[in-house]
Amino acid sequence: MSFIVGLDIGSALSKAVIMQDGTLLSSGISPSEGNFLSAINSVLQEALGKTKLAMSDIDLIGACGLGASFIPHSFHKISEILCQSRGTSYLLPTVRTLIEIGNQSSRIIKITRQGKVADSLVSDKCAAGSGRILQIVAKVLKVDLKDMGQLSLKSTQPVKFTTGCAVFLETEAISRVAEGASKENIIAGLHQALTARIAAMAHRMGLEEDCVITGGGAENSGLVKIMEEKLGKTLLVPDNPLITGAIGAALIVTEKKVNLKKEENHAIETGCHC
Amino acid sequence: MKTENKKIKKKSGKTLQTAREAGYFAKKMLKNALQAQEEGRPIGWSMVTWWQGELIARAIGVELVFPENYGAFCAATGGAEKHLEISDSEGYPTTLCGYSRNSIGYAKLLSDNNFVPYEGAPGGGLAKPKFFLAAGVACDARYKWFQALKRYFTEAPVWTIDLPMPGTKEFFMKGNKELSLKYIVNHLKDYVAFLENLLGTKLDYDRLDENVDQAFKTLALAHEVDVLRRAVPSPMVGADFWSIMIPHLYLPDDPESYEFYEKVYAEVKQRVDNKIGAIPNEKYRLMFAELPPWHSLGFFGELAERFGMAIVIESWNYHAILPIPEEEFEGVTDPLEKVAMLTYYKWTEYNKVAVEYDVDPGFFMAAYFQFAKDYKTDGLLAHPLMSCRPATYTLLHTKNTLENKLKVPGVVIDGDIIDLRVFNEKEAFSKMEAFVETMDHYREERKKAGIAW
Amino acid sequence: MKDVNKKTGLARAKDIYDHRNKRARELKAEGKKIVGYFCCFPPVEIMTALDFLPIRLLGDMDEPITVADGYLPTVMCIFYRSTFDLGMKGRFNFIDGFIGSHACDAAERTSYIWSNYIKTPCNFFLDLPHVDKGEAVNYFKVQLNYLKETLEGLAGKKLGIEPLKEAISLHNKQRKLVRELYYLRKPDPPLINGSEVLQVIISIMMIPVEEGNELLQEVIDEVKTRRDIPDKKIGRLLIWGSLIDNIKFTDLIESSGLNIIVEDTATGTRPFWHDIEETEDPLVGVARHYLQEVKCPRTFAETDTSYREDLENRYSYLKDFAKYWKINGVFGNIIRNCDIHGYEVPAVKDYLESLGLPVLIIEQDYSTASLEPLRTRFQAFSETIG
Amino acid sequence: MFYAGLDIGSTITKVVIKNERKICTTVIKPTGAEHRRLANEIMEEALSKLNLSTANISYIVATGYGRINVPFADKQVTEITCHMRGINWLFPNVKTIIDIGGQDSKGIKVDNGKLVNFVMNDKCAAGTGRFLEVISDVLGVKLEDIGEISLQSTQPTNISSICTVFAEQETLLQLSKGTSVEDILAGIHKANASRIYSMVKKIKVEKDVAITGGGAKNIGLCRALEERIGFPVIVPPEPLITGALGAALIASEETKKIGEKELTEKQLNRRWEAVTFFDEKPTK
């Protein structure tokens, strides 16, 4: 009857889940806003609160993400690729190809029937291929990130962006606004630019059904639609595409717990920066 | 620049005692050249031409140094950055071969310092060349680079030694092999004439013949070491190989090289006989494609520690030639013809494998199919080199086809032989961690497909 | 063949340029076999002589590269990644023969990979020595023989000496006409601009040589007599380096105060500047021509002289170009990751600047999407000239 | 006679009006999205400072990335040439110019008053003013202060990302690790400087070196660059106007080139009204 916490401390959002014997009990999400420690604490509280549990009840913590090192408890650090694949196939067991559009990077992960990683590809050289540019442009257009999808679907002629750089894309968006381009067309154009890059990665991997899309980008219906057109595949979206990483972390750390008895030499990291 | 702050790992990952001693040969080449300069003997800057040009040059009394090898040397000792910057400011694109950019930068400094190696040049520096031995084989940089170097050594001629590179199908077309060898031999005759005229001495064919035989001897022994490496657990790892390859790749005609491989062979054999693995708990056996990140070799040591990964075999082109059947040499007396056979056979030795697996080209990629079986590998660690791009062109193709035809997965870790900026160790480790699952998965796939080993 | 409302001259060239594979597909429908080839080294004469339509396989700066990324690394020459991308997308699915060539590393490796993934009834890889002296010509002739044999297999007939000689003189005629076209740019302003010439050059690489020669003649006659010639600009530009195959690029250059006068590229003068010597055994002339006369840094030139003399050996033809056309600026066009031209940059700059010619070197990404940012560079360059 | 140079940069627009001898007035304003209207306003402002009317200006040269959007300019010249001319007028000995603009950065080589070579980065925000703008936003520090602040640093942090967006993330990470703003900013300047340096070194950095553009107002960045270059650099009193100044210099030359008649014709045909196809609502 052990309780496991899974944490995914991303650059934009921190996510926590609590699991017990492979069932999801609760989850919490809150913006990281550059203060990982407080974000970690608040998501933990949110998740614990829903289950009436206290930190003392937690047996194990598995974590991934940029800010994991800030976790003020002992935990196991697990690669994001593993967590994403395991977590996604927990929610959608039929997944074979995972497209994750995160804030820092985009990933294509091929997943085996056992939810293990068969192959993976990450865009991390620059933000051009990451979900970050959605945020940036949303700010420019003063629209809510959530509404971008719907807006883009109304587009009549998507704007063509001449730059890949996320930062210049922002400026270009501004001048497009000035030239009177509609929000709809700008967002649609942005989606075109982003999906083109990710599609290229996807082609590089080759797509096997079922294809699932997760991460912040998965909440953007417009983006998903264009992506489907570009790839010529239907993309499944989990009910909560944000917590797949956290779930994976919890599941993997549970497996590791078993292994731990076998190999003691497995290192346990402890957050030490705070 | 990121490179400044990035610490260079001292840990080499070498496991063989003989590998630790191999550095002697790199230093020897530099030292001999500097000495030759003092004694006024001719020095040549040479590409690795897979023995085609080197054996003849040495037989006629030229000391050879290898800017390629010097590139790795500078990278490992942290002296490359300075040279790269000069090359950039000379107007050479930053996308060019890192080794070449390194030697262009060095060449500029050398000519500015009227051909005395500058104070603190890595390994004492490369001595001024009397001529350049460029190569047409393998990639364009190998002749364009030396042609470019002429800018700094105005009177040193550049000789480009060429090698036919037919496609696999074309290689097997009737008569092509014979006609190609004829071309090489005549081409080598021109090369000899060039050397004799440049140096004012005649080539001693008997000496060449001895050297060639010595080279075949050394290479045969080096190949025997490769064969020993098929053992499980692997008796040595990539980090060892990249040290011990220097004598056979650069100095096969040097008796010291042969003696060295006798020692290597003994050490490796002893491990095999006693089932001693190079790394403590070998779980995964990897092929390594292309050159390693010289500045971060410790990476492989950590792969071994963290995941039990052993690099059991590396890129075909740095390995000794497969033995040539005796009968092929029947009636062959001209040492030039032997040289021609040595290099041409090396470059076409895996064409049969290419046909067997219906892949092209025979060089660079086909060998991995043979390796995968012979060395019972779980995966391919592909290391695309931003500054040795041509070697990279076939990597994705290799990865794809290995996965499809042999169910051997590949992982791609971007890196470089010289430029530290490209190599992201943290990202590399998380990729490798995930790759463990990938390899487990494909082990199952191989079982299903009946290609288990 | 003749019909009244058929476009002629420049209009016809534009038409063919815009629908590059249209004619090939038409002829294919009529039963003609099409052979696609890489770069300017596989001899079109052999293909023509066997009644094939040779077409040059080019990339597309307008088409984002997607599929190719699964097979070729992004650090590779973008032009060949693009060409392969189009191949994988079926753009050339009508060709019966594929002739790869050892023009450069990118062409060579792409040729192999192409034949692995894009199944063409007949394919051949033409190896090409890196040196052009001594035995090299003989070796190359041997390879040409294998090419001939392979294509004979596809044609189902032997190649006769006479048809080959005819094909050679037809293509020599084409070379002569192309040169004539270039001479029309001697006056200032030139009688024909860069985009127009590019359209013509691309066109003749996509249609049978007879039609190409007819088109060239039409264009020459039209240009000699037309009123609306290009505007006079500050710069009379020589382009050296990687190829350009999209008029959006030449338009951008020519709208930045520069007139394109001559292009020393693989879609410019290089394939056309010298005639094939008509030798007893025609293949000898063919071999010599492609190995020794097609100017490209991929073929190594002797350097057993001083650096200065070496530059003279390698680039004196550029001096002749500059003199004849009164060039006052040079654009060194490097498609990113093009090694053979990349290594030449400082040397070719040394040489041209010693002639007092300003040189602009740009490494570009072979994509129309990233062209506009180059405008400021070209304008600034024209300001350095004027 | 008066000559006007108008430099419409990506973030800031500058006007210089000068006569044969000296700079008479300068105006510096943020560039809105509507260049055309702004070009007009800012010219009016400059003129009114001198109580001049448009008729007094003999010749107008526009430069900067918005140069095409100036309906009343007599000539457009790239900022590369204009910076070169401006700097050359101020410091005749300068051989290498590093222009750090809001949207791009450039290296320019000068040889006795002639533009001989140049490189520019406009592909990626790294190495441009935008990079610093983004970071100062994250840190909640005024852009104009980050230079001074960074000089207080004792141990600059290592910012490894080249991409601005990731550097932003790295900054956040450093912040929550408790790294001081001084050290972060010093690290940021170091990163930006080496990015700029690795570009300009392609044209050989030769003495004297001048830094201009918005980036030159950032002492921290200038120091970081000096460190990479290895010797001191010159910073003009007002680095923002060198482009506009160069444009004004070219304007006076052009005036001499063309005849009286053509000149008045030009002046008559100038379209002063702020014609604009942009939508009239300001975006900010």
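**View 1. Burial and overall dimensions of chain D.** Buried residues account for 56% of the 284 residues in chain D. The model shown here and in every other view is predicted. Chain D carries nine helices and nine strands. Its radius of gyration is 20 Å, close to the 19 Å that the globule rule gives for 284 residues, so chain D is as compact as a globular protein of that length. Along the principal axes, the C-alpha atoms of chain D fill a box of roughly 65 × 45 × 30 Å. Take the contacts in chain D between residues at least 6 apart in sequence: 71% of them join residues at least 24 apart.

**View 2. The open sheet of chain D.** Five strands of chain D make up an open sheet with mixed pairing. Their order is β3-β2-β1-β4-β5. Which strands stand at the edges? They are β3 (23–30) and β5 (75–76) of chain D. Each has a single partner strand, so one side of each is left without a neighbour in the sheet.

**View 3. Helix α8 on the sheet of chain D.** Helix α8 of chain D, residues 242–257, packs on the sheet. The helix touches β1 (2–8), β2 (12–18), β3, β4 and β5 of chain D. The direction of α8 makes about 140° with that of β1(D).

**View 4. The pairing of β4 and β5 in chain D.** Strand β4 of chain D spans residues 57–63. It pairs with β5(D) in the parallel sense, over two bridges. In this view, D:Ala62 stands opposite D:Gln76, a residue of β5(D).

**View 5. Two domains in chain A.** The domain assignment splits chain A into domain 1 (1–80 + 243–274) and domain 2 (93–237). The C-alpha centres of domain 1 and domain 2 of chain A lie 27 Å apart. How many residues does each domain of chain A give to the contact? Domain 1 of chain A gives five residues, and domain 2 of chain A gives five residues. On the side of domain 1 of chain A that touches domain 2 of chain A, two residues are nonpolar, three are polar and none is charged.

**View 6. The contact between chains B and C.** Chain B puts 49 residues into this contact, and chain C puts in 47 residues. On the side of chain B that touches chain C, the elements giving two or more residues are α8 (141–149), β4 (158–161), α10 (176–199), α18 (389–392) and α19 (395–406) of chain B. By class, this side of chain B has 24 nonpolar, 14 polar and 11 charged residues.

Key:
Residues are numbered from 1 along each chain as its sequence is written. Chains are lettered from A and ligands numbered from 1 in the order in which they are written. This is a predicted model: local features need pLDDT of at least 70, side-chain atom pairs count only at pLDDT 80 or more; totals for chains, interfaces and linings use all residues. Domain bounds come from an automatic or database domain assignment. Two residues are in contact if their C-beta atoms, placed from the backbone, lie within 7 Å. Ala, Val, Leu, Ile, Met, Phe, Trp, Tyr, Cys and Pro count as nonpolar, Asp, Glu, Lys and Arg as charged, and the others, Gly among them, as polar. Helices (H or I, at least four residues) and strands (E, at least two) are DSSP runs, numbered from the N terminus. Two strands pair if DSSP finds at least two bridges between them. Axes are lines fitted to C-alpha atoms, for helices over the stretch in contact, and angles run from 0 to 180 degrees between N-to-C directions. The radius of gyration is taken over C-alpha atoms; the globule rule is 2.2 Å times the number of residues to the power 0.38. A residue is buried if 20 or more other C-beta atoms lie within 10 Å of its own, exposed if 12 or fewer, and partly exposed in between; C-beta atoms are placed from the backbone.
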